[in-house]
Each structure stands twice: as C-alpha cells, then as structure tokens.
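Subject: Structure handover

Dear colleague,

I am passing on the structure we spoke about, and my notes on it follow underneath. Please read them with the structure open beside you.

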Amino acid sequence: MSIDACTPVVVGVGQAAERIDDPYYRAMSAVELAAAGARAALDDCGADVAKVAAAIDTVAGVRQFEISGPAQPVLGKSNNYPRSVANRIGADPARAILEVVGGQGPQHLITELAGGIAAGQAEVVLIFGSDATSTTRYFATADNRPDFTETVEGSLEDRGYGIEGLISRYTVVHGLVDAPTQYALLENARRAGTGLGPADYLRRMGELFAPFSKVAADNPFAAAPVRRDVEELITVTESNRMISEPYPRLLVARDQVNQGAAALLMSVEAARKLGVPEENWVFLHGHADMEEQSLLERPDLGHAPSAVMAVREALAVAGIGIDDIATFDLYSCFPVPVFNICDGMGIAPDDRRGLTLTGGLPFFGGAGNNYSMHGVAETVAQMRSRPGQFGVVGANGGIMSKYSVGVYSSTPVEWKADRSAELQAQIAAAPTVAVTEQAEGTGTVETYTVRRDNGRLTGIIIGRLTADDSRFLATTEDDDLIALLTEGDPLGQSVSVRSFDYGNRCTLS
C-alpha cells in the first residue's frame, strides 16, 4: 500500500541486563546499560549501524531511579544522561530530552515522538532508559566502588521530576512515602469491592502472578528467572516476608535490577533512505495517555477508570476490539494495576493469551521508570513474528496515576491522532470525594495497610467520617487495632480519630 512518507515506524528494539552473580558481570552504570540497549536496537533495525546512529536527530531518556529525586546518587551520575548515552553510540542529536518520573514514560515518549515524526518535526528518534539499582546497592558501602560521574556538553530538555500532585505534606506525614504502602491501600480497597476475605484475596493475587513468573523464567533479561507456584508466592516466610498488607515480598516489584532497553523510531522516508528492511517495521496503530484524579479524591480507591479509558481509546484509534489483541504486556508493579485493566476491559486474569511478555515487574524486574520499554521490545519482536496481529502495551505511572497505551502491529497504517485531551477533560470534570485533613470523631475503615519500619508496625488507614462521609488519613500504633489490621479484616470497622499537629491518629471505637 502507498503510505505517507512521514508515517512513524518502530524499526529497532534492544535490551541489556546483567546480574551480580553472573560470570560476565562487570558493574555497568545506568548510562552503560542504556547504551547497550541502544546498540542492540541499532543492530536490530537491520541497516548500517554507523549511518543510522549518525542520522539520529532526537534522543529521549527515561529518568532512572537514581535521578528521580533530589538525593545525590551513591555512585555518581552523568550531568546529561541522554547525551552520555548518545555519545557512546556515535550519535550527535539536535535534541535531547530527559523525561519526568513515572512508569508511563517509555510508552508516553514513543507516542509523543512518533507524533512528532508524523508532523515532520523529527525523522530518526532513539528512546531509552535503564537502571543499575542492584549494582548501586552492592557497592554502596564498598571501598572499591566505581565512580559513575561524568560531565558532557550539549543541550538538554530536562522536564523535571514531574511529581507535583503525586505527593503532599498530608500524605507524607501519614507515611505514604513509598510504592508498596500506597498500592497496598489501593489493593485492599479493591478487595473491599470483591467481598473476599484477606486469605482468599491473597490467593487471587498469587494466581494472577504465578504465570508471570513462568514467563520470566524463560526470559534471558529477567532479574529473577525462577518459576514460582501460587503457594510459594502467598506463603509468608523469612525469605518471603510481609512488606505491607496484603503484600508478601514476592508479589511486589523487584527494584534491584541492572537493565536497559531502547526503541528506535523513524519516518517511513528515513527508514527507506537508510535501508531498513520493511520486515523490521512495526506500526503504532493506537495510542492514548491519561491521568487519574488525585489519590485521595478518587471515588473508588480500588480502580483507576482513566487507565481503562486509555486502553479503550487506544483500541478505538486502532479500529479494533479487545478480542482482536494477540499479546498483552500490562504493567504489573503490584497486582491491582493488572486487575484494574482486567476488571475494566472484561479480561480474565487467567486469559489464555497471557498478560505479560517479559515476566512482569516482580520477576522480570521493575527497571525503574523504564520497565515498559522492555514490554515494547518484546511486543515488537512478537509482532514481527506474527504478521497482521496486534499487541498492547499498558504502561502505568505514579500510584495508578498515569497510564499510557500503545497498540502495535506489522500491518502498515498511517498515523492517527487520539482524543486523550478531550477525554482528560471528562476526568477533570468527574465527581470527587471531599477530604478532611484535620479529622475528629468517629468513622469507618475504607482501606488500610501496615508499614514495617525496622520491626515497628504502623497502621495506615483511609477512612470515612461518620459526620459527613468525607475521607481522612490516619495512622495508628494501637495494639488492638494493629492486631485487627494484621490478623483480621478491618474493612468497614468503626474507629475513632483525633487530629494533632503531627497528623491524625486513630483507635478502635
């Protein structure tokens, strides 16, 4: 078929990884891991690597964990991560981007920069990301630790951390400072809607993730390639300790990884000029990017309707339905983001097509903000080997706060715009729940979790005040309430809450 010369295509994908116990381990920095993934993507396109690298006009780096906050990286960092990677592959792009924090980043950048190619703003784009958290922790206190500091020249479009709206003083003083704690609140909120008790819901989470571990076991880039059965995943032991109710360690994202991945995009015209074989082209048929309401204002804490809306919009742009999808890679830092898409799209958790191509974040590895680049890499490879079929990548960021979706296929198709901005306006106009920051009186437990800080248990509760049904946050160290939170089922339980200068505290009524 005749196709517009500016149509964007994914022409190369690449992945890299190393494990500390591997014989070839060489303590690669985040820059080196990203560069290894980028070289693999250049090799994968099937054209002259040097010519393709020289033709890159835009590079975009997904912000790795070590530069996702104000703390100084333990082993040092590059002052310009995207250009450090570009220098290692022989590229000198006119534009270098460092994306905001969030697991939506890889797919968001692919959608954004593919649109830029379609508009004639770029011709050859390389997007990459990496994390060396395992190496960083390994050498953190060592005398012979490597120095990853480097300074490179060149412009940088640094988009900042982008965490505004994701945290507040109110949430921080009540212990909502890490992903397991906050997702545990969402997970237990979803459980409330299922009617299941803690033990039965735990088993459902294990049943969801056991097949993921089998995929990871066969993936050479996986951080933890071990098959786990349901019982192993849900049984709390010394090696599978409870992190935050309802999560044992094996049901949460594994952040100790050394991984990098990249995707190479071009216009059809550039691909032809550079000699990229057409059998390597994969097209972005559908796409969407959505943001959820503020965490505490969401009517249903157990679901993120915006993520489902993003999947539906991406499918609509592609002109297909969910039954037409051959492969999925759904972001799986914890069970609830996967359940959210399954619930909203009518996909069975044990769907025969599977819900991951990598093995998922607990087993393949939660490569910082860049996990979904690995999902894209696996999807592109699948689409090349399955001509005419469709694969979906669902990339989640924040606390089920942002969702970016891509629908991929080898079938040629010209670029189509999505309606994300229009749909986002609908989310902004949707009803929200009133929040009372200084809570006093009686209320009921809407959802909960328990933090474990050096053996000290602290309960965290989101509740509703009896007086006006407004939502509040509170913590507790009350022995009776902690016992209920860890050993019973506190959902709907009556509690008393008092406000202090240092936050709200609650006890059993």
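Helices here are DSSP runs of at least four residues, numbered from the N terminus. Please keep in mind throughout that this is a predicted model.

With that definition in hand, Ser306 can be placed in helix H11, which covers residues 305-318. Is Ser306 buried or exposed? Because buried means under 20% relative accessible area, Ser306, with a relative accessible area of 2%, counts as buried. Leaving aside residues up to four places away in sequence, Ser306 touches Met290, Glu291, Glu292 and Ile427.

Helix H14, residues 420-429, holds Ala421, and this residue is exposed, with a relative accessible area of 67%. Between Ala421 and Thr432 there are 19 Å in space, C-alpha to C-alpha, and the two are 11 residues apart in sequence.

Helix H1 runs over residues 30-44 and has 15 residues; from its first C-alpha to its last it reaches 21 Å, which is close to the 21 Å expected at 1.5 Å a residue. The buried residues of H1 are Ala30, Val31, Leu33, Ala34, Ala35, Ala36, Gly37, Ala38, Ala41 and Leu42. Their cover includes strand E1 (8-17), helix H2 (49-55) and helix H3 (81-88), together with strand E4 (124-132) and strand E8 (258-267). After H1 comes Gly46, which has a positive phi, near 80°.

Two residues of H1, Ala30 and Val31, also appear in the lining of the largest cavity. A search of the whole structure for cavities of 30 Å³ or more finds 1, and the largest cavity holds about 50 Å³ of space. Besides Ala30 and Val31, its lining includes Ser29, Gln64, Glu66, Gly76, Lys77, Ser78 and Phe148, and by class the lining has 3 nonpolar, 4 polar and 2 charged residues.

As for open spaces, the second largest pocket has a volume of about 340 Å³. Of the 21 residues lining this pocket, Gly165, Leu166, Ser294, Leu295 and Leu296 are the closest to its centre, and the lining as a whole divides into 7 nonpolar, 7 polar and 7 charged residues.

How many disulfides does a search of the whole structure find? The count is 0. Cys342 is in no disulfide, and the nearest cysteine sulfur, that of Cys333, lies 14 Å away; since a disulfide needs the two sulfur atoms within 2.5 Å, that pair does not qualify. Cys342 is buried, with a relative accessible area of 3%, and Cys506 is buried as well, at 2%.

A few backbone details may also be worth a look. Glu245 and Pro246 are joined by a cis peptide bond, with omega about 15°, and Pro246 sits in the loop between strand E6 (242-244) and strand E7 (247-248). Met400, a residue other than glycine, has a positive phi near 50°; this residue belongs to the loop between strand E11 (390-397) and strand E12 (402-409), and at 3% relative accessibility Met400 counts as buried. Asp469 likewise has a positive phi, near 65°, in a residue other than glycine, and is found in the loop between strand E14 (456-465) and strand E15 (471-476). Asp469 is partly exposed, with a relative accessible area of 44%.

With best wishes

Technical notes: Residues are numbered from 1 along each chain as its sequence is written. This is a predicted model: local features need pLDDT of at least 70, side-chain atom pairs count only at pLDDT 80 or more; totals for chains, interfaces and linings use all residues. Side-chain values use heavy atoms; hydrogens and water are left out. On a 1 Å grid over the protein atoms alone, a cavity is a set of points where a 1.4 Å probe fits but cannot get out, and a pocket is an open set with protein on both sides within 12 Å along at least five of seven lines; lining residues have an atom within 4 Å of a point. Grid points are joined across faces, edges and corners, and a volume is the space filled by probe spheres set on the points. Ala, Val, Leu, Ile, Met, Phe, Trp, Tyr, Cys and Pro count as nonpolar, Asp, Glu, Lys and Arg as charged, and the others, Gly among them, as polar. Buried means under 20% relative accessible area, exposed over 50%, partly exposed in between (1.4 Å probe, protein chains only). Contact means heavy atoms within 4.5 Å. The expected span of a helix is 1.5 Å times one less than its number of residues.
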